[in-house]
Structure formats: structure tokens, C-alpha cells
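The following exercises are to be worked with the sequence and the coordinates at hand. Each task is followed by a solution in steps.

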Amino acid sequence: MKELSIGLKATASLTVNSENLAVNVGSGSLEVFATPMMVMLMEKASCQCIKDYLENDETSVGTEIAVQHISATPAGMNVTAEAEITEINGREITFNVTASDESGLIGKGSHKRFIVYGEKFTAKTQAKLK
């Protein structure tokens with residue numbers, strides 16, 4: 001892994017559509033942007049933040065997330081998540097994550113990812129099937 005630094009940021013965006021509404025992903029009965037989809041977008045921004053620093057077979061896996069979903073977003077609006085590195089502890093990276101729609105902040109929290117070797121991690125996971 002190339003050297004990361006605190007303060008690195010990245011974003012990920014999407015337009016809310018029927019595929020990411022709470023009623024359609026099983027996280028509620030309303031036609032609003034689903035919390036699991038907001039979390040996905042925050043994770044995607046975190047991955048974007050470190051992707052250029054990974055080498056060879058390195059990748060990252062999410063290990064912890066604590067977020068608040070503080071405002072609902074209707075279909076048709078754009079949502080952007082931002083991740084900023086706040087702590088680096090060896091192969092564990094901590095991010096401050098936020099999500100906003102066109103009207104303002106809709107979610108915030110923290111997220112941790114761990115740098116792993118893809119092939120070794122996958123083999124260990126598949127060994128559970130034996």
C-alpha cells in the first residue's frame with residue numbers, strides 16, 4: 001500500500017430512483033431513499049478515497065459503520081456521499097462520512113475499512129464452505 005494521509009477525501013453520487021427506495025429494498029414502507037443505500041454510497045466514497053493507494057492484490061473491506069440518517073430524500077434527487085480519512089492505524093483506515101441531497105445534509109457518521117489481500121481473503125472466506 002502506498003502511503004495514505006489524513007484528510008484525503010473522495011465522493012460518490014447517484015440519482016435516487018425506484019431501485020434504491022426503502023419500499024423496494026426491504027428497509028421500510030415509504031418511497032424515500034433507503035438507509036442501506038445511503039450506507040452503500042458512503043462505503044463507495046470511502047473505497048474511492050483509497051483506491052489509488054492500493055497495490056497488487058490489495059483491496060479493502062468494511063469492518064464498522066455508525067451513521068445517522070437524518071433527512072429523507074425523494075426519488076429524482078441527487079445524493080452525494082463524501083468520505084474523509086480521519087485516522088490511519090496500520091491497515092485500518094477510519095473515515096468521517098456524510099451524505100447530502102440537493103437540499104442539504106441527510107446523513108453523517110464514521111466508517112472503518114481494513115486493507116486485505118484479495119486472493120487470501122477470498123480463500124479464507126470460501127474455506128467456510130468446507
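## Exercises on a predicted model

**Exercise 1. Contacts of Arg113.** Determine which residues Arg113 is in contact with, leaving aside its neighbours within four places in sequence.

*Solution.* The model is a predicted one.

Step 1. Beyond the excluded neighbours, Arg113 is in contact with Glu43, Ser46, Cys47, Ser60, Val61, Gly62, Thr63, Arg91, Glu92, Ile93 and Phe95.

Step 2. Arg113 itself is found in strand E5, which covers residues 104-117.

Step 3. The relative accessibility of Arg113 is 5%. Buried means under 20%, so Arg113 counts as buried.

Step 4. Two side-chain polar contacts are then assigned. One, of 2.8 Å, links Arg113 with Glu43; another, of 3.1 Å, links Arg113 with His111.

**Exercise 2. Cysteines.** Establish how many disulfides a search of the whole structure finds, and treat Cys47 in detail.

*Solution.*

Step 1. The search returns zero disulfides.

Step 2. For Cys47, the closest cysteine sulfur is that of Cys49, at 9.9 Å. A disulfide requires sulfur atoms within 2.5 Å; the separation is therefore too far for a bond.

Step 3. Cys49 is likewise in no disulfide, its nearest cysteine sulfur being that of Cys47.

Step 4. The accessibilities are then classified. Cys47, at 27%, counts as partly exposed, whereas Cys49, at 5%, counts as buried.

**Exercise 3. The sheet and its helices.** Derive the strand order of the sheet and state which strands form its edges.

*Solution.*

Step 1. The protein chain has three helices and five strands, arranged along the sequence as β-α-α-β-β-β-β-α.

Step 2. Five strands form an open sheet in the order E1-E3-E4-E5-E2, and the pairing is antiparallel. In general, strands of a sheet pair through backbone hydrogen bonds.

Step 3. Strand E1 (9-15) and strand E2 (58-69) are the edges, since each pairs on one side only. From one strand to the next, the twist averages 25°.

Step 4. The pairing of E2 with E5 is antiparallel and extends over eleven bridges. As one instance of register, Ala66 stands opposite Ser110 in E5.

Step 5. Helix H2 (residues 35-50) packs on the sheet and touches E1, E2, strand E3 (78-89), strand E4 (92-101) and E5. The direction of H2 makes about 140° with that of E1.

Step 6. Helix H3 (residues 118-126) lies across E2 and E5, and runs at about 90° to E5.

**Exercise 4. Backbone of Asn56.** State the phi of Asn56 and decide whether this residue counts as buried or exposed.

*Solution.*

Step 1. Asn56 has a positive phi of about 50°, although the residue is not a glycine. Most residues other than glycine have a negative phi.

Step 2. Asn56 is placed in the loop between H2 and E2.

Step 3. With 86% relative accessibility, Asn56 counts as exposed, as the cut-off for that class is over 50%.

**Exercise 5. Whole-chain values.** Report the span, burial, contact and surface values of the protein chain.

*Solution.*

Step 1. The C-alpha trace spans about 40 × 40 × 20 Å along its principal axes.

Step 2. Of the 130 residues, 32% count as buried.

Step 3. Among contacts between residues at least 6 apart in sequence, 66% join residues at least 24 apart.

Step 4. The accessible surface comes to about 7500 Å², with 48% belonging to carbon and sulfur atoms.

Notes. Residues numbered from 1 in each chain as written. Predicted model: local features only at pLDDT ≥ 70, side-chain atom pairs only at ≥ 80, totals over all residues. Heavy atoms only, no water. Helix = DSSP H or I, 4+ residues; strand = E, 2+ residues; numbered from the N terminus. Buried < 20%, exposed > 50% of the residue type's maximum accessible area, 1.4 Å probe, protein only. Polar contact = N/O pair within 3.5 Å; in protein donor to acceptor, adjacent residues only side chain to side chain. Contact = heavy atoms within 4.5 Å. Pairing = 2+ DSSP bridges. Axes fitted to C-alpha atoms, helices over the stretch in contact; angles between N-to-C directions. Areas by Shrake-Rupley, 256 points an atom, 1.4 Å probe, with all protein chains shown as cover.
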